[in-house]
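Hello,

I am handing over the structure that we talked about, and below it you will find what I found in it. Please look through it slowly before you read on.

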Amino acid sequence: MPELPEVETIARNLCLGTQQQPSLVGRHILGANLLWGRTLVEPSPVEFSQRIEGQVIEAIDRRGKFLYFQLTCDWLLFHLRMSGDLVVQRLDSPQKTHDRLVLPLEGELELVFNDARKFGRVWLVEEVDRVVGHLGPEPLDESLTPAIFFTKLQSTRRQLKPLLLDQPFLAGLGNIYADEALNLAKLHPLIISNTLAEAQAASLLQSIRTVLRDGIARNGASIDWVYRGGDFQNYFRVYQRTGKPCQECGTLIARIIVGQRGTHFCPQCQPPLSSMEVSHG
DNA sequence: CACGAGACCTGTTCGC
DNA sequence: TGCGAACAGGTCTCGT
């Protein structure tokens with residue numbers, strides 16, 4: 001489900017609190033109730049319960065699509081994959097159908113990991129890089145300069161769409177924001193990365209940042225039966241707009257399969273060749 | 001190295 | 001109405 005803006009929104013809400021729920025920072029974790037075994041990658045369920053009990057939540061943040069809780073001694077990490085969600089509720093609230101892990105907390109609260117499709121995963125580790133060390137740069141981190149991004153695009157020969165989804169290449173983009181960024185940059189999803197000119201690479205990086213910032217500003221997107229309170233889904237340019245007119249040129253949005261993922265683009269605004277080749281052809 | 005297929009899962013929507 | 005197929009915000013592994 002969630003991509004960078006949705007995970008960022010969840011992390012902020014857990015860290016800062018909302019109108020409906022208090023901040024979790026500074027609270028003791030009182031135990032653990034694992035309801036679906038495969039949710040927990042490591043350690044064993046018994047060791048997980050023993051180690052996490054009594055630790056304090058010191059900080060909550062995000063790296064790529066991973067949510068992490070910095071605890072007294074360990075790092076608690078969640079990956080929500082397609083359908084995972086983290087909710088705070090009153091202690092001993094009625095269990096819901098897809099609850100996978102419940103952590104009772106100080107203050108009559110509990111943190112619940114709910115995940116219909118069971119793809120989501122949880123880790124408790126001493127060294128955080130064991131889980132997130134393989135990730136590429138954060139797209140919103142200014143230390144990722146246009147020059148560095150251009151060099152990275154030059155270093156491989158892959159289609160842009162699958163490359164943007166590759167977390168070791170760049171951390172945080174998923175199917176929605178990859179399609180939105182390519183449309184904003186006016187680049188066809190099948191363009192080979194090392195054929196981009198430096199200006200096009202800079203435009204792509206700028207577009208990625210624009211769609212991610214817009215997504216965060218709107219608290220992420222809420223689609224299908226999963227509602228998170230965000231409304232970025234009302235501002236999609238191409239995603240899930242197959243057959244509807246492009247807002248720039250009126251051409252009907254097309255949908256193709258790339259790397260087994262539905263891929264949405266405007267055939268007019270995003271020509272299959274890079275714009276340099278088109279302009280000279 | 002790069003790509004495609006299959007696996008992991010459940011739920012909703014679409015087409016006949 | 002019913003039923004199977006297609007589809008879903010993700011990632012891993014394996015074969016070519």
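**Around the DNA strand**

The residues around DNA strand B are R38, H98, A116, R117, K118, F119, T156, R157, R158, Q159 and Q260, where a residue is near a strand if one of its heavy atoms lies within 4 Å of it. This is a predicted model, in which local features need pLDDT of at least 70 and side-chain atom pairs count only at pLDDT 80 or more, whereas totals for chains, interfaces and linings use all residues. Residues are numbered from 1 along each chain as its sequence is written, chains are lettered from A and ligands numbered from 1 in the order in which they are written, and side-chain values use heavy atoms, with hydrogens and water left out.

By class, this surface has two nonpolar, four polar and five charged residues (Ala, Val, Leu, Ile, Met, Phe, Trp, Tyr, Cys and Pro count as nonpolar, Asp, Glu, Lys and Arg as charged, and the others, Gly among them, as polar). Of the atoms of DNA strand B within 4 Å of the protein, 62% belong to sugar or phosphate, and the rest belong to bases.

Which parts of DNA strand B do R158, Q159 and Q260 approach? An N or O atom in the side chain of R158 is 3.4 Å from a phosphate oxygen of the strand, and a backbone N or O atom of Q159 lies 3.5 Å from a phosphate oxygen, while a polar side-chain atom of Q260 lies 2.7 Å from a base nitrogen.

Best wishes

Methods: A polar contact is a pair of N or O atoms within 3.5 Å; within protein, one must be able to donate a hydrogen and the other to accept it, and residues adjacent in sequence count only if both atoms are side-chain atoms.
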